[in-house]
Amino acid sequence: MTNYISTRGGVPPQNFTEVLLQGLAADGGLFIPDVWPKFDLEKMRELAGLPYAEVAKYVISPFVENDISSPVLEKLLNEVYGRNFSHSAMAPLVQISPNVWVMELFHGPTLAFKDYALQLLGQLFDHVLEERGEHVTIVGATSGDTGSAAIEACKGCKNIDIFILHPEGRTSEVQRRQMTTIEAPNVHNIALKGTFDDCQNMVKAMFNDKKFRNDIRMSAVNSINWARIMAQIVYYVSASLALGGPSRKVSFAVPTGNFGNIYAAYAARQMGLPIKRLIIGSNKNDILTRFFETGTMKTGIVESSLSPSMDIQISSNFERYLCDLLDRDTKSINTLMDSFKKKGAFNIGSQYMDKMRKEFDAHRCDDKQTQMLMKACYQETGYILDPHTAVGLFAGMQVREDPSVPLVSLACAHPSKFPDAVEQAIGIRPELPPHLADLYDRKEYVTVLENDLSKVQEFIKSNI
Ligand SMILES: *Cc1c(COP(=O)(O)O)cnc(C)c1O
């Protein structure tokens with residue numbers, strides 16, 4: 001049975017349900033399994049060719065088995081990985097050159113890989129709340145992608161109200177419409193007069209208002225929830241199976257921001273999936289790549305790039321990996337995280353750097369390189385990459401030493417989500433897939449509010 005500990009070591013081990021509902025641990029740390037469950041590779045082999053939901057059941061069961069019964073899990077997985085995705089293979093592989101594959105993770109409702117985890121998270125939340133007879137109010141801030149994926153995941157959930165704040169006029173039209181055109185009584189969009197930082201600060205201020213937080217039973221589906229990592233492990237196993245695994249090693253290239261997606265690949269490896277290289281791609285916001293080069297994690301100023309979902313300077317999920325790297329010495333983690341908070345930087349010793357470089361490769365790809373690769377790929381294969389995917393593939397191609405090892409590059413968004421960047425690179429404006437073709441004609445539901453705490457709180461209270 002899997003229990004969960006905090007990376008900061010300040011809370012007793014918790015079960016899956018607690019970890020799901022809490023998100024962040026009370027000591028400010030992130031939850032990780034106390035021991036990594038191990039795959040039975042013989043059993044895994046038998047999953048080759050089976051539906052995605054079956055692979056998901058195999059991967060997820062050891063993480064939840066004490067809290068969620070096997071028939072319930074099966075039902076949830078069949079629902080989630082059945083109706084809401086537009087490709088029956090869920091995460092199909094497309095070959096773009098000899099032994100190089102793109103894994104398409106954009107067949108969910110909002111066209112980005114975040115759907116693969118958040119769709120399940122919404123159902124898990126609703127199920128657990130129903131059993132406990134509880135109701136929560138999810139409040140979140142978004143600069144674009146996460147908000148729409150969270151709204152799609154929670155719409156129609158009986159035990160959840162969701163309020164998403166976005167900065168008025170500062171998200172792309174596709175991103176805004178993906179949030180505001182959802183017609184569901186439990187979904188509430190707030191366009192805040194301010195920036196993304198204002199939205200985030202507003203959510204933090206609401207969390208820190210204890211009375212308000214308790215009154216509305218405030219919760220979050222943020223990027224550090226363990227259940228999201230867990231759900232993302234599934235597609236790494238699915239890709240490996242399709243390419244001859246687990247009898248054969250595969251390498252993965254992952255465009256990386258918050259370190260959630262690549263950490264799920266690391267988790268798969270810890271559980272015994274044979275993986276050759278794990279390759280991190282960063283754009284010009286290259287805090288991670290610099291860390292792998294120098295051993296110093298140091299934040300800089302966020303610059304906007306062609307791959308906006310990776311424009312961040314703090315990779316929150318890295319703390320999870322750091323915990324393993326330091327042999328779960330939670331005291332050292334606290335010291336490093338304190339230093340990071342106070343000085344915006346921390347250092348690790350060279351013995352750790354060797355280990356870390358054995359486990360990951362990291363490369364940066366600037367906007368020009370991103371555009372060039374999008375163009376070359378389109379000219380040579382006719383395949384259209386979104387800019388994030390191009391960053392990952394670029395990094396993967398830098399590392400490719402052994403061409404007999406399949407390289408799987410993760411396509412984290414559909415090109416039509418970033419039509420301007422794609423058009424600039426290849427001269428063609430990608431079209432939205434059929435289920436979103438009328439997005440620009442749909443009615444929008446959104447309330448514009450002043451950047452004023454009490455006004456936002458009032459709005460939330462009166463709309464639950
Ligand atoms: C969120 C996102 C990323 C970054 O993923 P992390 O798990 O934060 O590293 C990359 N590409 C796209 C399209 C995204 O939406």
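This is a short tour of two groups of strands and a ligand site in a predicted model.

Before you start clicking, note that residues are numbered from 1 along each chain as its sequence is written. Because this is a predicted model, local features need pLDDT of at least 70 and side-chain atom pairs count only at pLDDT 80 or more, while totals for chains, interfaces and linings use all residues; side-chain values use heavy atoms, with hydrogens and water left out.

**Stop 1: the open sheet**

Select β8, β5, β6, β7 and β15. These five strands form an open sheet in the order β8-β5-β6-β7-β15, with parallel pairing. Strands here are DSSP runs (E, at least two residues), as are helices (H or I, at least four), numbered from the N terminus. Two strands pair if DSSP finds at least two bridges between them. Why does one side of β8 and of β15 lack a neighbour in the sheet? β8 (218-219) and β15 stand at the edges, each with a single partner strand, so one side of each is left open in the sheet.

Now look at β5 (residues 136-141), which pairs with β6 in the parallel sense over six bridges. Show Ala141 and you will find it opposite Leu165 in β6.

**Stop 2: strand β7**

Move on to residues 187-192. Six of the six residues of β7 are buried, meaning under 20% relative accessible area (exposed is over 50%, partly exposed in between; 1.4 Å probe, protein chains only). In a regular strand the side chains alternate between the two faces of the sheet. Colour Val187, Asn189 and Ala191 for one direction and His188, Ile190 and Leu192 for the other; all are buried.

On one flank, six parallel bridges join β7 to β6 (residues 160-167), and His166 stands opposite Ala191. Follow the chain from β6 through helix α7 (residues 173-180) to β7: this β-α-β crossover is right-handed, that is, with the strands pointing away from the viewer, the path from the first strand over the helix to the second runs clockwise. Next, select β15 (residues 447-449), which pairs with β7 in the parallel sense over three bridges; there, Thr447 is the bridge partner of Ile190.

**Stop 3: strand β9**

Select residues 250-255. Is β9 mostly covered or mostly exposed? The strand is mostly covered, with six of its six residues buried. Val250, Phe252 and Val254 lie on one side, and Ser251, Ala253 and Pro255 on the other.

Centre the view on Phe252. Its bridge partner in β10 is Leu278, and its bridge partner in β14 is Val408. β9 runs parallel to β10 (residues 275-282), joined by five bridges, and parallel to β14 (residues 407-411), joined by three. Add helix α11 (residues 260-270) to see a right-handed β-α-β unit made with β9 and β10.

**Stop 4: the ligand**

Finally, show the ligand and the residues around it. There are 15 of them, the closest being Lys114, Gly257, Asn258, Phe259 and Asn261; a residue is near if one of its heavy atoms lies within 4 Å. By class, this shell has six nonpolar, seven polar and two charged residues.

Which atom of Lys114 should you pick to reach an oxygen atom of the ligand? Choose a polar side-chain atom, which lies 2.5 Å from that oxygen. For Asn258, show the backbone: a polar atom there is 2.7 Å from a ligand oxygen. A polar backbone atom of Phe259 is 3.1 Å from a ligand oxygen. The protein covers 95% of the 380 Å² of accessible area that the ligand has on its own.

Terms used. Polar contact = N/O pair within 3.5 Å; in protein donor to acceptor, adjacent residues only side chain to side chain. Areas by Shrake-Rupley, 256 points an atom, 1.4 Å probe, with all protein chains shown as cover. Nonpolar A, V, L, I, M, F, W, Y, C, P; charged D, E, K, R; others polar.
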